[in-house]
Amino acid sequence: MAIVGLLGLTLGGSAALFVTSQSMDRIAADRQQEQVEKTVARTLQSAAEQAAATSARLEPARRIAALGPDEAANWLDSELGRPAVASEPTRAVAIVTRSGAIYGYTRGGRADANDLEEIRDAAGGLVNALPPVNSKTAPGAKADLASIHRVPVVAAASRIPASGEPLTLVTITYLDDPMLNRWAGTLMLDGFTALSPREATSPSVRSVKLSAADGTLLGRLAWHPARPGEAIRKYVIPATLAIGAAVLGLFLMLAQRASNLEDEADSNSRRARYLELFDPVTELVNRATFIKQLEQIAGSQACRLILLDIDDFSAINEELGHRAGDQVIRDFGKQLLKEFQGSQCLVSRLDGDEFAVLIVGSSDIFELGPRSTGTTVTRETRDGETVSVTISAGITAAPEHGHTASELMRHADIALGAAKAAGPARHVVYDPALGEAFKSRKGLEARMKKAIEDEGFELFYQPIISLRTMKPAGVEALLRLKRGAKDTPAVFVPVIEKLGLMPQLGAWIIQQAFRDSRRWPELRTSINLSPLQLENPALLDQIDFNRARFDVAPKSIGFEITEGVLLNKSPTVHANLQGLRDRGYIIALDDFGTGYSSLSYLSEFEIHRLKLDQSFVRGGRLIERRSATLIQGVIDLCHKLDIDVVAEGIEEITEAATLRKWGCDFAQGYQFGKPAPARIAAQNLITLQNNAAAIVDYRTGEPVLGVV
């Protein structure tokens, strides 16, 4: 009965859809015919209104007569003819009397006798039907359909206010192909065309008669009517029948499989119970099962917990593919299961590339690390190389490190994080100091996030002195925390970079340094750029925006980079450095003398300034022969490469004197001022300027060093 009912419903619904589709076709065709008829009527009305408006603007006939025949024709060309036919629909315009046309203008120019005669014939009935008017009454206007050379036209006529013989303005608009194409596009008509009176229309098309006022048939406008119901007949009805057939077939299939449903349900139930307890990739117990077991044991028995994480697993997926990554996970699961056997051990895959081992009892916790990280998996890369995949481990014990599952898991995760930070294949046993360090690091991360959200940073500025004049030559912008925070940039900047907030903070530093640089417009402001900022494709846009916003010349700004930037082969980094040079900014290599400090940087990269690290100066290094020789050599080498040298960490005037004697260009350090907020730094610069002037030898113009 269900099948018979479904069959009847399908056939009945298809029949109803067929009737509906035919009704949709008829309604759409009627609406299109109505739109065409309204368009023709609007065209006639518009032509009449346009003719009336044009005739009302013409001066009386006596003005035209006063100009003489030639001048009057020229005047009509410019005032009537050319403006009238310039509009897209109008093709011809004329002034006619009862006896004939006295002036005409078409698209080709002034109308000849034949054109005037055709216009007079097309509009003769309209002209005679118009009532006479005088100069004090509004001109009457009419429009009608006519034919010129068997092409339907819209003729419009309007009396021109004048005395004497009545004058009539006549406009002709052709219903030709361009006009019909515009109508077809506006009304969305398919195959829209004009037919002559003798052409018969096909039953598959719709048409509208074009008749003159006297009933003369001038032609027809024909088109293929829209058929929205065609889609229903072509697609919906066959789809309905196909769906009905498919459903009938499905009923038959369901009936055939009914006997197997109970077995499948039992199998699915067993599979669901299995997935509740085990990981399908490794067949080890899953996180939920492991945590449940850990909760039962941690509070009642001594146990050991090992958290393990595969080293650099994302690179394995990228290099070998996810299928190979899954195989690596399976292999580690098998090795861990083999290493930690017995009823007192439980091995689990927690998630992704993370495993856990629970060992019940008080076994030696320090021997678990080598056992867990000693497992390795080898794989062959696409290039044929064999690589060893390692694993890191964090270890905790109950009750020493916690009494609950959550405590043990949290402490093991902290230990695992320390192991991952130490390098691959490392293991770390949890220690309370690790927990304190973790808590401190999390607290610092929270403070840095809040500082960026609340603009909790400020810029301090330290003067840079010219050793030739002993006057300020610039300042270096240094990042500090507001409100007396004790965290130094060496501590909080790496945290900000790890959190991914350096682009946001770096943009603020650039903006603030550009703004503050207007306090000392004659000096250069040096801004430190981190490697992460130079990897930002939007860096140059940020700098250009702030330069324009604060109207700061590039010569007033310098950027300091570290050697780590030069080791980066990224195209973005090198494009940003080249963009800074092209814009006229000074680029300085900071902290030279630390890290690698390869002299090849000076030849491979175009820098303008080199900053000697304070380790060159501190602790009396300037008076040591080997150090002094090295410093002088660096200064001489830089000068031969047109690179200025800045010595950092100057704390005594004698150090400045020695460096000046060796030809060093600039100095920076506590001797000339500590970093200070912008307002105080501006005052300090004035003091340094005045002090420098006070110790210049008036005879030589050279600064007298060593005088305080």
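Trainee: Which residues line the largest cavity?

Mentor: The general idea is that rolling a probe the size of a water molecule over the atoms shows where empty space is left. In this predicted model, the lining of the largest cavity consists of Arg 524, Ser 526, Gly 558, Phe 559, Glu 560, Ile 586, Ala 588 and Arg 609. Two or more of the lining residues come from each of β19 (524-528), β20 and β21.

Trainee: Which element gives the most to that lining?

Mentor: That would be β20, with 3 residues. Sorted by class, the cavity lining has 3 nonpolar, 2 polar and 3 charged residues.

Trainee: What volume does the largest cavity have?

Mentor: About 30 Å³. With 30 Å³ or more as the bar, the count is 1 cavity.

Trainee: And how much space lies in the largest pocket?

Mentor: About 1100 Å³. The lining takes in 37 residues, and those closest to the pocket centre are Glu 476, Leu 478, Pro 489, Asn 528 and Asp 590. To place the pocket in the fold, look for the elements that give two or more residues to its lining: strands β17 (457-466), β18 (472-481), β20 (557-561) and β21 (586-592), along with helices α14 (489-498), α15 (502-516) and α16 (531-534).

Trainee: How many of the pocket's lining residues are nonpolar, polar or charged?

Mentor: The split is 16 nonpolar, 10 polar and 11 charged.

Trainee: Let's move to sheets. What is the strand order in the open sheet of 6 strands?

Mentor: Read across the sheet, the order is β3-β2-β1-β6-β5-β4, and the pairing is antiparallel. To find the edges, look for strands that pair on one side only: here these are β3 (109-110) and β4 (141-148). Helix α4, residues 113-129, packs on this sheet and touches β1 (90-96), β2 (101-106), β4, β5 and β6. The direction of α4 makes about 140 degrees with that of β4.

Trainee: How many bridges join β5 to β6?

Mentor: There are 8, between β5 (residues 151-160) and β6 (residues 167-174), with the two strands running antiparallel. If you want a spot to check by eye, Ser 158 stands opposite Leu 169 in β6.

Trainee: What is the strand order in the open sheet of 3 strands?

Mentor: Going across, you get β7-β9-β8, again with antiparallel pairing. The edges are β7 and β8 (206-211), each pairing on one side only. From one strand to the next, the twist averages 15 degrees.

Trainee: Which residue stands opposite Asp 190?

Mentor: It's His 224, in β9. The antiparallel strands β7 and β9 are joined by 4 bridges. Now add the helix: α5 (residues 177-187) lies across β7 and β9, running at about 145 degrees to β7.

Trainee: How do I read an aromatic pair, in general terms?

Mentor: You describe a pair of aromatic rings by the distance of the centres and the angle of the planes. The count in this model is 3 aromatic pairs.

Trainee: Why is the pair of Phe 192 and Trp 223 called tilted?

Mentor: The ring centres of Phe 192 and Trp 223 are 6.2 Å apart and the planes stand at 55 degrees, so the pair is tilted. Under 30 degrees would count as stacked, and over 60 as edge-to-face.

Trainee: Where in the chain do Phe 192 and Trp 223 sit?

Mentor: Phe 192 is in strand β7 (residues 190-195) and Trp 223 in strand β9 (residues 217-224). The two are 31 residues apart, and their pair links distant parts of the chain.

Methods
Residues numbered from 1 in each chain as written. Predicted model: local features only at pLDDT ≥ 70, side-chain atom pairs only at ≥ 80, totals over all residues. Heavy atoms only, no water. 1 Å grid on protein atoms, 1.4 Å probe; cavity = no way out; pocket = protein on both sides within 12 Å on 5 of 7 lines; lining within 4 Å. Points joined across faces, edges and corners; volume = space filled by probe spheres on them. Nonpolar A, V, L, I, M, F, W, Y, C, P; charged D, E, K, R; others polar. Pairing = 2+ DSSP bridges. Contact = heavy atoms within 4.5 Å. Axes fitted to C-alpha atoms, helices over the stretch in contact; angles between N-to-C directions. Phe/Tyr/Trp six-rings, centres within 6.5 Å; stacked < 30°, edge-to-face > 60°.
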